[in-house]
Amino acid sequence: MIQLYTWGTPNGKKVSIMLEEVELPYEVHPINLSQNDQMKPEYLAINPNNKIPAIVDTDGPGGQPFKLFESGAILMYLAEKSGKLCPQEMRRRYEVIQWLMFQMGGVGPMFGQANFFFRLQEKVPYAIERFRKEALRLYGVLDKELGQRPYLAGEYSIADIATYPWVWRHEVHEVKLETFPNVKRWFDAIAARPAVKRGMEIPKG
C-alpha cells in the first residue's frame, strides 16, 4: 500500500494521477500547506525538505517500508514498481527521463514563479515580464516537440504526467493554449483520460 502525502498543487497532482494510471492501491494523507502541516515533526520525518508530495511504500524494496520525496523521483519509482509508463529499453527510457527533467528543471520552476508573481498583489513588473517570457519560451519548446509526436517522448509516459498539471494552470500564468495548438491537442487528450480526471481530484475537498 502506498501512503500518499499531498496537497492540491501541480506537484501533488502528478503523483495522484500516476497512482490512478498504474492502479496501485494507495491512501491519501492531506498536508494542508495553508495550515503549515508540512512543518509538523511527523511529516518532516518523511520529507525533511518540508514540501509535498511524499510517499511511504509499506511494501517497498525487500518488502520493507520505503520513504520517498521529490515528485520526479516518486514518478520514476512508481513506474519501476508497476512496470508501466516508462520504457525498459534504454534509449526510449532516457527520452522519457530527459523530458521529465525538462519539467523538473524548467517547466515547474518557471511556471511556478510566473504563477507567484502574476498573483502577487504588489506587482513587480520586471519579474512578471521575465517569467512571462520564459513561460512562453517553454510553451514554444513543448509545442514544437508535440508537433512531431503525440506525447513528449512518443508514447504517453511519466513525462506527460509530470508536465500536465503545470500546463493545467495556464490561465494563471496568462497563456492561451490556442496560441500553441500542439500543446492544446496534447492537453485535451490527457485531460480526457479517466485516471487523470480521478487523480486531479486528489485530495478530495
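The axes of helix 6 and helix 7 (residues 181-191) come within 11 Å of each other and cross at roughly 105°. Angles of 65 to 115 degrees count as roughly perpendicular, so helix 6 is roughly perpendicular to helix 7. This is a predicted model, and the crossing is a good place to enter it.

Look at the residues that make the contact. Helix 6 brings Asp160, Thr163, Tyr164 and Val167. Helix 7 answers with Val183, Trp186, Phe187, Ile190 and Ala191. By character, the residues of this contact divide into seven nonpolar, one polar and one charged.

Stay with helix 7 for a moment. Lys184 and Asp188 both lie in this helix, four residues apart, or about one turn. Their side chains form a salt bridge, with the closest N and O atoms 2.8 Å apart. How exposed is Lys184? Its relative accessibility is 27%, so Lys184 counts as partly exposed. Asp188 is also partly exposed, at 37%.

That pair belongs to a wider set. The structure holds eleven salt bridges. Another one joins Arg198 to Glu20, with 2.7 Å from N to O. Which parts of the chain does this pair tie together? Arg198 lies in helix 8 (residues 194-200) and Glu20 in helix 1, so the bridge links parts that are 178 residues apart in sequence. The two partners sit in unlike surroundings: Arg198 is partly exposed at 38% relative accessibility, whereas Glu20 is buried at 17%. The cut-off for buried is under 20%, so Glu20 falls on the buried side of it.

A further salt bridge involves Glu201 and Lys204, whose closest N and O atoms are 3.1 Å apart. Glu201 has a relative accessibility of 45% and therefore counts as partly exposed. Lys204 reaches 63%, so this lysine counts as exposed.

Now move back along the chain to helix 3. This helix covers residues 71-82, twelve residues in total. Why does its length fit a helix? At 1.5 Å a residue, the expected span is 16 Å, and the end C-alpha atoms are 16 Å apart, so the two agree.

Which residues of helix 3 are buried? They are Ser71, Gly72, Ile74, Leu75, Tyr77, Leu78 and Ala79. These buried residues pack against both strands and helices. The strands are strand 1 (2-6), strand 3 (54-57) and strand 4 (66-69). The helices are helix 1 (10-22), helix 4 (90-119) and helix 6 (158-167). Two of these partners have come up already: helix 1 holds Glu20, and helix 6 crosses helix 7. Just after helix 3, Gly83 takes a positive phi of about 75°.

Helix 4 is the last stop. Arg92 has its place there. At 37% relative accessibility, Arg92 counts as partly exposed. What does Arg92 touch, leaving aside its neighbours within four places in sequence? Its contacts are Pro87 and Glu155. Asn49 makes a useful reference point for judging distance. Arg92 and Asn49 are 43 residues apart along the chain, and their C-alpha atoms are separated by 31 Å.

Conventions:
Residues numbered from 1 in each chain as written. Predicted model: local features only at pLDDT ≥ 70, side-chain atom pairs only at ≥ 80, totals over all residues. Heavy atoms only, no water. Helix = DSSP H or I, 4+ residues; strand = E, 2+ residues; numbered from the N terminus. Expected span 1.5 Å × (residues − 1). Buried < 20%, exposed > 50% of the residue type's maximum accessible area, 1.4 Å probe, protein only. Contact = heavy atoms within 4.5 Å. Axes fitted to C-alpha atoms, helices over the stretch in contact; angles between N-to-C directions. Parallel < 35°, antiparallel > 145°, perpendicular 65-115°, else oblique. Nonpolar A, V, L, I, M, F, W, Y, C, P; charged D, E, K, R; others polar. Salt bridge = Lys/Arg side-chain N within 4 Å of Asp/Glu carboxyl O.
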